[in-house]
Amino acid sequence: FGEVNISYNACRLLLLHPNRVPSFRLIRLVNKTSFTSCRREVLAAEERVYSVFCLILKAMMTTTTNTIAMLHNLVFTVPISRMVVRRYSITTTAAAISTATTAVPSLKPASSKPARAPHVDSQVLLGMSEPELQQLAIKLGQEGYRGKQLHHLIYKRKAKQVEDFSNLPQTFRKELVESGYKVGRSPIYQTVTATDGTIKLLLKLEDNLLIETVGIPVQEEKGITRLTACVSSQVGCPLRCSFCATGKGGFSRNLQRHEIIEQVLAIEDVFKHRVTNVVFMGMGEPMLNLKSVLDAHRCLNKVAFAIFPFYMFLANDMKCHSCLLVCFSFTQDIEIGQRMITISTVGVPNTIKKLAAHKLQSTLAVSLHAPNQSLREKIVPSAKAYPLEAIMSDCRDYFQETNRRVSFEYALLAGVNDSVENALELAELLREWGKTYHVNLIPYNPIEGSEYKRPYKKAVLAFAAALESRKITASVRQTRGLEANAACGQLRNKFQKSPLLAETDGQESKPEAEEAVSC
């Protein structure tokens, strides 16, 4: 930080308030006549030290891969900064770090109202962070701690309506309702369970459209050890891949942030277990709804924490130096690690570069499905706008930017792209563009109205062996939820294009409802 000299009187002017509140207390005045000059000196020193301190924190957030672990042990030894200590609240993401503070002299205050993008419903509470909820509480005339209570009710107790906020004052609940605020949870229209424990949920959105999300448990003797949520990012899909049921059902609109987040909470409600992994592999193309996907990603992963500086003083020759120990208080939303989240795409021009700029530690899964451009155009019509060479170039740049290995999804279609020759051609393609790729082989899951067939197990194993013989890491995805039409490529329902009629509401328990919404 460089030397910051300050008088001994100023060092003793103000000490840290023992309580964790954004306020300060005058402990002792060394010389009452020098109070004004000392305070001015302290504030000037603080501004110089704190500005550099923030720059170091921001640099750490964008360069380290284990930020939280480092922050837990972070200790700076610095020259003295002011003895007035205020609470700084910092929210970390993989792309940026922002500060939300109380008013600090000579420092730019945080905005009192969080920015809202068009893809976010500003009246929906689900998706808001704790600082945003605290700002909302203050805006409605409540104490800031009511925002923390809101955060707990939404993300921990998973309240579905404002009326369920039983531990909040009735006046606050009434104010929320009258101001048009809502939690943003959708009812479960139907559930379909497969014999392997996989459960597909159909959620009825506010406009009566249906989306599908899948919970995939891994069970052992002790119970569920891992629970994966396969979430949708759009109502339907406009890309119409020839082997995928979702595209055949048509496209309606993008999902908003809260409509993605609520899928994870709905799965947790049904399984009575915390979701450990999230894959954006449900209905829709995530890269065509990147803003909502990234906002949902932040909420699913986000860790917010507050900085509490703690000072120790050593006086020497009328100059005082301090050891600044930075303590952190953590508040989390859904609490899913970035490396437990996968974002899948069939390839949309320029979007992989945009995603790389956020430097996420999540996995990028690219649906390749063919080793050459001509075959890929037959399987994936949108490939005409995004040539294979351009995709591979963007994937190479993505790895260089994020240092995260790209995974390639490859749907095996019997007699189309599942030969050993196709495997060797794919291996050559990947070796040409890098050595850090992984191939996830997906035996085709049958859908209604498709001419494709599922390959035999022998052909699948031969394809994997051919890749491994060329030093390409490959794995075969275990098929889950096949009987419930919940497997990869099978998500489709009658009402993803046209809304439910009002008279069909509440029919989820009737057999005919399952016929209407299941492929």
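This is a short chat about the cysteines, the makeup and the nonpolar cores of a predicted model.

Student: How many disulfides does the model have?
Tutor: The count comes to 0 disulfides.

Student: Why is there no bond between cysteine 241 and cysteine 244?
Tutor: A disulfide needs two cysteine sulfur atoms within 2.5 Å, and the sulfur of cysteine 241 is 6.2 Å from its closest cysteine sulfur, the one in cysteine 244, so the two are too far apart for a bond.

Student: And are those two buried or exposed?
Tutor: Cysteine 241 is buried, with a relative accessible area of 12%, and cysteine 244 is also buried, with a value of 18%.

Student: OK, new topic: how many helices and strands are in the chain?
Tutor: The chain contains 15 helices along with 17 strands, and of its 519 residues, 52% are buried.

Student: What about the outside, how much area does the chain expose?
Tutor: About 24100 Å² is exposed, and carbon and sulfur atoms supply 52% of that area.

Student: Which residues have the most contacts inside the largest nonpolar core?
Tutor: They are Phe165, Val278 and Leu467, in a core of 87 residues, and the element that gives the most to this core is helix α8, residues 257–271, with 7 residues.

Student: What does phenylalanine 165 touch?
Tutor: Leaving aside residues up to four places away in sequence, the residues that phenylalanine 165 touches include Leu125, Leu150, Ile154, Arg173 and Val183.

Student: Which residues does the second core include?
Tutor: That separate core has 17 residues, among them Leu239, Leu375, Val380 and Cys241, the last being the buried cysteine we discussed earlier.

Key
Residues are numbered from 1 along each chain as its sequence is written. This is a predicted model: local features need pLDDT of at least 70, side-chain atom pairs count only at pLDDT 80 or more; totals for chains, interfaces and linings use all residues. Side-chain values use heavy atoms; hydrogens and water are left out. Buried means under 20% relative accessible area, exposed over 50%, partly exposed in between (1.4 Å probe, protein chains only). Helices (H or I, at least four residues) and strands (E, at least two) are DSSP runs, numbered from the N terminus. Accessible areas come from the Shrake-Rupley method with a 1.4 Å probe; for residues, only the protein chains shown count as cover. A nonpolar core is a set of buried Ala, Val, Leu, Ile, Met, Phe, Trp, Tyr and Cys residues joined through side-chain atoms within 4.5 Å. Contact means heavy atoms within 4.5 Å.
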